[in-house]
Amino acid sequence: MEVLVLFGLVIGLLLLGVPIAIGLGLSSILFLFMYSHASLAGVAQTMFDAFAGHYTLLAIPFFVLASTFMSTGGVARRVINFAIDSVAHFPGGLAIAGVFACMLFAALSGSSPATVVAIGSIVIAGMRQVGYTKEFAAGVICNAGTLGILIPPSIVMVVYAAAVDVSVGRMFLAGVIPGLVAGLMLMIAIYIAAKIYNLPSQPRASWRKWAGSAADAGWGLFLIIIILGGIYGGIFTPTEAAAVAAVYAFFIANFVYRDMGPLKGDGETGPISVLKKPQALITAWVHPDTKHALFEAGKLTIMLLFIIANALILKHVLTEERIPQAITEAMLAAGLGPITFLIVVNLLLLIGGQFMEPSGLIVIVAPLVFPIAIELGIDPIHLGIIMVVNMEIGMITPPVGLNLFVTAGVAGMSVMSVVRAAMPWVAIMFAFLVLVTYVPFISTWLPTTLMGPEIITK
Amino acid sequence: MSAQSEPATGWGRVIDEIEETLIAVILGLMTLVTFANVIARYVFNSNILWALETTVFLFAWLVLLGVSYCVKKNQHLGVDVFVLALPPATRKIVTLIAALACLAFSVLMMIGSWQYWLPFFGERAWYETDDIPAPEFLQLLAPYMNEGERWSKLPRFIPYFVLPLGMTLLTFRFLQVTLRVLQGKQELLIASHEAEVSEAMDAHGETNTETDKRG
């Protein structure tokens with residue numbers, strides 16, 4: 001009963017147009033006033049502990065920063081060239097290359113909208129030039145962009161790991177195979193559509209050209225090796241890996257690709273050699289482009305973390321009132337089995353995903369469903385991947401799917417027409433959700449093989 | 001930036017610049033300290049003891065100082081579909097209620113933060129951080145705050161100060177927002193989706209266009 005009051009407050013405030021973070025925080029404070037004796041100082045302490053007590057969350061600003069350095073136009077263009085030279089000779093080749101480019105970019109960035117903007121703003125125009133319809137191009141990219149949060153690194157996975165205390169490393173590994181499967185499913189669907197509608201293919205790139213574009217993109221793609229290799233090689237913690245990735249991305253953007261910073265030439269001359277301008281090694285650190293990237297990443301971090309901090313206050317209230325335990329007992333008493341439970345989780349997240357920012361939703365829902373999942377013998381890592389895939393679908397379904405809005409902006413279409421264009425591909429993502437939900441093997445095989453079986457503490 | 005925030009002029013621009021630089025510098029410091037610690041471990045085979053705790057506190061400073069900036073620039077995310085569907089007159093009332101809710105939140109948090117922080121400044125001024133060394137100038141305060149005893153580590157009231165400071169600034173910004181809604185200068189408290197899109201495009205392309213303009 002109390003929990004209904006709490007969630008009623010949250011939804012009511014959100015519908016009034018209160019920012020998500022404030023809606024969560026205010027509901028928690030009001031709830032505490034009504035039902036318990038906690039002090040305001042205690043709430044303030046919980047807010048501070050969101051940062052001081054969650055070392056895992058510290059990875060988020062660093063991943064956001066790495067992705068900001070990588071999002072300069074040049075990296076996306078190089079990744080796309082490599083993708084085109086790799087797969088564009090298949091029927092529907094450019095669309096398949098678009099999906100491939102989204103998968104690669106997802107391995108550099110932890111966010112879906114960022115992936116859509118980086119890849120979509122180049123690929124959608126390119127696809128239209130060779131004869132695809134705008135709708136086809138937008139629909140494909142809008143869906144493929146959601147892989148940003150499934151293929152590691154992923155901000156949503158870091159948040160899940162922090163919310164229920166599982167290993168970030170395991171979550172990242174668990175996302176690899178589902179990410180590849182989802183990408184392949186989209187590619188196969190494009191291939192079939194290409195056969196039926198006779199979509200164009202590009203001439204096959206020569207091996208030499210392919211090797212050139214692979215080497216060019218390689219500098220950027222090495223980032224994923226630093227992150228995954230560093231974590232699984234036991235060299236860094238995930239947080240350190242993220243910081244190293246951010247510094248690496250800074251060097252690549254400033255000194256190798258030279259798309260930003262002191263060595264970026266003006267239009268005619270092209271980039272400047274560092275040998276000609278050695279002072280750049282110093283000036284790059286304080287260059288306005290660097291400050292701009294730091295500021296943009298900082299701003300995004302502030303918005304995300306303020307939502308997460310307030311969601312953690314709400315989580316604190318829920319656990320204080322023993323609400324997860326009450327729900328678990330009620331559900332188990334009602335004879336809920338694993339299959340029905342997973343359907344309930346899917347529905348809850350699909351509905352919640354329509355109104356909430358993914359990270360905040362995960363912080364709130366994860367602790368509610370986690371104890372039930374453990375009782376029912378569902379793997380915590382598997383549950384995490386299910387949640388991430390649900391968040392992906394939330395981003396491409398109306399009314400508040402963020403990817404829809406971003407794609408509409410990038411493709412110059414109305415949001416409604418993007419919704420229609422994305423629809424057939426959303427069906428594929430739903431099929432993928434069912435697959436991931438009921439075949440735990442896809443998510444758990446890689447982490448268990450590489451990191452050993454997981455120790456689950458009830 | 002969002003179309004709804006007022007264009008900054010004169011002093012407003014100076015304050016913007018200070019806040020934006022602070023955000024960039026704090027994030028840069030966090031990254032470098034964490035990176036330096038990795039280098040120290042593998043290259044110099046040692047460990048920067050204070051690195052982790054310092055980064056964690058900088059993280060808190062980044063977010064808690066930054067929220068008020070994001071309120072000023074109307075950057076916080078929310079659900080706008082229902083509010084946008086309302087007729088303008090009703091929308092103004094609903095947004096005013098929302099603004100008052102935000103104000104209530106920030107005032108309550110402000111009270112809580114001061115209640116939480118003041119003991120660290122007063123009777124518990126001896127309570128130190130785990131690893132961060134205390135700067136020398138701080139010892140001048142020791143006779144007044146710590147019964148003459150030198151702090152061996154940075155006392156907690158310093159990093160914790162961001163909590164009351166940030167929440168007070170947040171209250172100030174929400175007070176401004178509430179007034180602007182009353183005056184009819186602002187229609188929404190949250191970033192509209194159009195703003196988010198242009199924001200994402202900016203983050204993507206702006207580094208290039210800006211250098212082009214300069215070059």
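**Helix H14 of chain A, the A–B interface and local backbone features**

Helix H14 of chain A is mostly covered, with 27 of its 33 residues buried. In this predicted model, the helix runs over residues 288-320, and at 1.5 Å a residue its 33 residues should span 48 Å, a value with which the 47 Å separation of its end C-alpha atoms agrees. Just after H14 of chain A, the backbone takes a positive phi of about 55 degrees at A:Arg322.

The contact between the two chains involves 75 residues of chain B and 71 residues of chain A. The size of an interface is often given as the accessible area lost when the parts come together; for chain B and chain A about 6700 Å² is buried between them, and 79% of this area lies on carbon and sulfur atoms. Across the interface of chain B and chain A, 5 residue pairs are found in polar contact, both residues of each pair being at pLDDT 80 or more, and 2 salt bridges are identified. In one of these salt bridges, the side chain of A:Lys291 meets that of B:Glu17, with an N to O distance of 2.7 Å. On the side of chain B that touches chain A, at least two residues each are supplied by helices H1 (11-43), H2 (51-72), H3 (81-84), H4 (88-121), H6 (157-160), H7 (162-182) and H8 (193-214) of chain B. By class, this side of chain B comprises 49 nonpolar, 17 polar and 9 charged residues.

Several backbone features in loops of chain A were also examined. Most residues other than glycine have a negative phi, and most peptide bonds are trans. A cis peptide bond, with omega of about -5 degrees, nevertheless joins A:Pro152 and A:Pro153, and A:Pro153 is found in the loop between helix H8 (134-144) and helix H9 (155-164) of chain A. In the loop between H9 and helix H10 (168-197) of chain A, A:Asp165 has a positive phi of about 60 degrees although this residue is not a glycine; A:Asp165 is exposed, with a relative accessible area of 70%. A positive phi, near 55 degrees, is likewise found at A:Asn198, a residue other than glycine, which is placed in the loop between H10 and helix H11 (207-232) of chain A. The relative accessible area of A:Asn198 is 68%, and this residue is therefore classed as exposed, the cut-off for that class being over 50%.

Key: Residues are numbered from 1 along each chain as its sequence is written. Chains are lettered from A and ligands numbered from 1 in the order in which they are written. Side-chain values use heavy atoms; hydrogens and water are left out. Helices (H or I, at least four residues) and strands (E, at least two) are DSSP runs, numbered from the N terminus. Buried means under 20% relative accessible area, exposed over 50%, partly exposed in between (1.4 Å probe, protein chains only). Contact means heavy atoms within 4.5 Å. Buried area is the accessible area (1.4 Å probe) that two parts lose on being put together, summed over both. A salt bridge is a side-chain nitrogen of Lys or Arg within 4 Å of a carboxyl oxygen of Asp or Glu. A polar contact is a pair of N or O atoms within 3.5 Å; within protein, one must be able to donate a hydrogen and the other to accept it, and residues adjacent in sequence count only if both atoms are side-chain atoms. Ala, Val, Leu, Ile, Met, Phe, Trp, Tyr, Cys and Pro count as nonpolar, Asp, Glu, Lys and Arg as charged, and the others, Gly among them, as polar. The expected span of a helix is 1.5 Å times one less than its number of residues.
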